[in-house]
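Here are a few notes to go with your first look at this one. Have the viewer open and hop between the points as you like.

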Amino acid sequence: MGHATVETVAVADSLLPDSTITVTPKDSTPQRSVTDGRLRPDTLSVPSLTTDTTATDSTRKRKPGLDAPVEYQSQDSLVYDAESGLAFLYGDAKVNYIDMELDAAKITMALDSNMVHAEGARDTSGTLQGQPVYKQGADLYDSEKMSFNFKTKKGFITNVATTQGNGFLQSQRSKRTDDGTLYLEHAKYTTCDAEHPHFYLALSRAKVKPGKEAFFGPAHLVVADVPLPLAIPYGFFPFNKKYSSGFIMPTYGDETSRGFYLRDGGYYFALNDYMDFKALGEIYTKGSWGLSAETNYRKRYRYNGNFFISFLRTVEGEKNMPDYAVSKSLKVQWTHSKDPRSNPNTTFSARVNFASENYERSNLESMYNPISYTQSTRASSVSFSHTFQKIGMTISGSGNLSQNMHDSTLAVTLPDLSISVNRFYPFRRKRMAGKERWYEKISMSYTGQISNSITTKEDQLFKSNLIKDWRNGMQHRVPVDATFQLFKYINISPNFEFRDIMYTNRVKRSWDEHTQKEVSDTTYGFYNLYDWRLGISANTTLYGFYKPWKKLFGDKIEAIRHVLKPNISFSYAPDFTAERFGYTDSYVRTDENGEVTTVNYSPYSGALYGYPSGTKQGMVSMSLSNNLEMKVKSDRDSTGTKKISLIDELSGTLSYNLAAKTHPWSNLSTRLRLKLSKSYTFSMAAVFATYAYAFDNNGRVVTSDRTEWSYGRFGRFQGMSQNLSYTFNNQTLTKLFSRKKRKDNSDNSNTNSDNIEADTEDANIDPSLKASQRGGTKTQKAKVDDDGYLAFSIPWSLTLSYGITMAEDRSKDINVRRMRYPYSFNQTLNFSGFIRIAEGWNITFSSGYDFDFHRLSMTTASVSRDLHCFEMSCSVVLRPYTSFNFSFRARASELADALKWDKRSSYSSNIEWY
């Protein structure tokens with residue numbers, strides 16, 4: 001470290017004691033080193049500097065030296081008393097020794113005893129400035145006064161403040177030992193980071209091992225400087241920065257049907273840097289108990305996941321009583337994801353969410369979580385795939401499970417294996433020379449699949465027979481197609497597809513005249529089925545431009561563009577239900593009255609992939625798509641233009657089957673899409689029936705062979721389904737009613753767009769529940785206006801979601817004159833939102849209206865309060881059942897389980913909690 005030049009060096013005058021040297025730096029005090037308790041001579045000192053002969057007295061006993069030099073500096077001045085061996089540093093003084101650093105306004109160094117005393121200094125207003133700050137490694141201590149011995153590393157500190165973990169320690173008097181341990185007297189511990197903490201634990205005495213742990217004696221709680229009658233004889237706080245194993249304290253309470261309980265108590269195992277394990281248990285006084293285990297694992301750039309399993313044994317009622325029941329339930333959750341950077345060609349993922357039918361109703365936590373309690377279906381999937389890039393082939397496999405929580409139905413597919421080959425051109429030359437030949441445009445691909453599945457009840461899954469009860473099969477698909485251009489503007493695309501299906505069994509049926517029942521006989525073997533179809537399509541794109549008459553429409557509209565996309569296709573397939581293919585069969589049924597009928601069926605009707613059931617087809621399909629846009633002059637730029645979408649899409653599709661003997665025309669399918677704004681697009685699909693209703697000989701309404709067109713009517717409207725949602729908030733009203741600049745409106749529009757996307761999803765679920773799963777929401781600080789006053793602002797949001805389905809109601813009488821059924825409407829209305837009445841206050845709500853039962857649907861509300869170092873929340877479920885959950889606890893994890901108060905509604909069999 002460089003030395004600054006010395007401006008003046010003078011022997012002490014009458015204001016200083018004898019044998020004292022005052023050193024005043026020009027820019028800053030020169031840095032000096034102290035070894036063996038002696039002041040090293042400064043190589044830049046003035047030659048006239050007098051050396052004290054007592055510094056080299058040979059009769060003085062030499063003390064053991066330090067491990068390294070002590071470096072010090074100050075901004076104001078340095079005063080050295082050669083007689084006493086004291087050095088006084090004034091003004092932003094700093095002393096460094098190895099990894100220890102001490103800063104203060106005034107530092108006194110005893111060079112012979114290695115002692116350092118630091119304290120602050122008061123300014124002209126009497127405010128204490130430059131209080132001592134001691135730093136060693138990652139430990140930092142703020143104090144009022146500090147005495148420290150560099151050799152023994154022991155010290156005494158007055159009014160010290162330090163940070164340990166997520167907490168803060170303050171002490172009136174403290175002693176530091178050579179290993180860094182602190183012994184505190186009259187200390188405070190808090191997790192509140194405010195300068196004057198809102199709460200703290202008043203500790204009479206404590207022993208602190210920095211970065212490890214703290215033990216303390218009698219302590220009591222102080223909130224807002226008011227001592228509370230909540231005291232404990234001793235306690236312990238861990239500060240270990242590395243996660244470690246330890247016990248998890250249970251929670252206690254009572255539950256109406258199961259009695260008093262201890263829940264969520266167990267042990268946490270810190271296995272290694274990549275995996276942990278948590279085992280928890282719960283027990284009730286009336287015999288119910290449960291066990292759960294959870295593990296998290298992660299390897300950077302490779303994979304990560306979580307596995308959870310829980311078992312509950314629920315006892316309800318009293319023994320030897322009619323209502324006594326014992327039920328067992330299981331829940332398994334597994335999430336796994338692979339980092340694509342480890343191997344881009346291989347993927348493996350798992351999303352398992354399995355629970356037995358009665359688990360959520362037996363789990364106490366689910367009673368306060370509407371998402372879990374009202375969930376009707378669950379889906380699980382485990383998948384794997386690997387791609388061979390050189391040959392363009394992908395092999396994949398998966399296992400899937402779907403649950404219906406209402407009737408315990410399971411749909412299991414295990415395994416589901418597939419192999420696919422990307423599109424390739426078998427006739428294309430490896431080295432292209434000249435123009436591309438027509439046959440080089442022919443492409444093909446391949447997809448093969450083998451599956452094994454079953455649909456059964458939850459309690460019958462493991463009792464099923466793999467051969468008799470499970471459905472399995474193999475399927476192959478080979479599509480071949482090509483695209484050619486006709487007259488440069490028309491695209492011609494011929495296509496051919498072949499499908500092959502393989503089964504290991506089939507079911508033959510017959511009629512038993514004695515029992516008057518159908519008899520099924522399953523035969524096992526190898527059965528192969530196939531079908532094929534071919535076709536050709538032609539499409540093009542037409543553009544039309546129209547310039548409006550300026551005298552009528554003005555000069556703002558420059559042009560209107562109409563895009564027309566016609567498409568026509570033809571496809572052919574033989575009649576695979578013919579007897580020569582063998583995919584269908586029949587038997588003669590004679591009932592008890594002697595009436596004889598022939599029943600047609602297929603031995604493969606219940607198979608995994610079905611069977612080729614299509615009749616002969618010669619289908620001609622026609623579709624027409626329209627797009628209408630307008631180009632207008634921009635209001636922001638006099639030389640620029642912008643496009644406005646009038647009709648984003650208006651399309652219709654109709655087909656005619658040349659091979660059909662009756663009803664060759666299909667229904668007319670239409671679609672309309674309008675871009676109403678940048679953030680909202682309106683879309684609607686509708687179907688119009690081609691053939692009219694008529695009465696048969698028995699007076700029943702049937703679909704006749706005459707079309708609606710033959711009666712001079714348009715196709716019969718079959719109905720539609722539409723969902724509309726929108727979010728109103730502060731920016732919405734500003735955009736609609738204020739007269740701000742267009743630029744500001746554009747910013748508000750973008751903000752509103754984000755809110756729509758975030759709030760319309762699951763609009764009937766309490767947003768606070770989703771926010772808590774993401775770790776809570778960030779609070780916004782209050783803003784002030786131009787005059788310095790608090791700006792009036794109450795952030796709020798209201799999301800409305802409306803859905804309507806319109807369909808023919810064939811349960812009612814038909815209108816004979818119009819031959820139309822009346823329409824029925826199914827409607828849904830959901831709304832949710834929040835309001836922040838003040839900083840730290842947040843109120844959320846969600847509900848809906850059931851138009852069928854004329855009552856509110858799932859209704860929830862919650863109130864949360866951010867109290868800086870505490871948090872308070874209360875959530876209420878009002879319908880279809882009622883519950884409440886109130887929580888008040890410290891935000892820091894160290895005190896979250898100790899300083900808390902939870903109150904929940906009690907559970908009973910009738911789920912009436914108020």
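1. Start with Cys192: it's buried, at a relative accessible area of just 2%. Keep in mind that this is a predicted model, so every value here is computed from predicted atoms.

2. Which cysteine sulfur is closest to the one in Cys192? That would be the sulfur of Cys869, at 3.7 Å. A disulfide needs the two sulfur atoms within 2.5 Å, so this pair is too far apart for a bond.

3. How many disulfides does the structure hold, then? Zero. As a reminder, a disulfide is a covalent bond that links the sulfur atoms of two cysteines.

4. While you're looking at cysteines, check Cys874 too. Cys874 is partly exposed, with a relative accessible area of 24%, whereas Cys192 is buried.

5. Now for the surface. Tyr252, Leu262, Ile283, Trp289 and Leu291 together make a nonpolar patch of about 570 Å². To find it, go to strand S25, which runs over residues 259-269 and holds Leu262. Leu262 itself is partly exposed, and its relative accessible area is 43%.

6. Stepping back to the whole chain: you'll find seven helices and 57 strands. The chain has 914 residues, and 32% of them are buried. Its accessible surface comes to about 55700 Å², with 54% of that belonging to carbon and sulfur atoms.

7. Last, the contacts. Taking those between residues at least 6 apart in sequence, 50% join residues at least 24 apart.

How values were computed
Residues are numbered from 1 along each chain as its sequence is written. This is a predicted model: local features need pLDDT of at least 70, side-chain atom pairs count only at pLDDT 80 or more; totals for chains, interfaces and linings use all residues. Side-chain values use heavy atoms; hydrogens and water are left out. Helices (H or I, at least four residues) and strands (E, at least two) are DSSP runs, numbered from the N terminus. Buried means under 20% relative accessible area, exposed over 50%, partly exposed in between (1.4 Å probe, protein chains only). Contact means heavy atoms within 4.5 Å. Accessible areas come from the Shrake-Rupley method with a 1.4 Å probe; for residues, only the protein chains shown count as cover. Patches are made of residues with over 30% relative accessible area and no salt bridge: like charges are joined within 9 Å, nonpolar side chains (Val, Leu, Ile, Met, Phe, Trp, Tyr) within 5 Å. A salt bridge is a side-chain nitrogen of Lys or Arg within 4 Å of a carboxyl oxygen of Asp or Glu.
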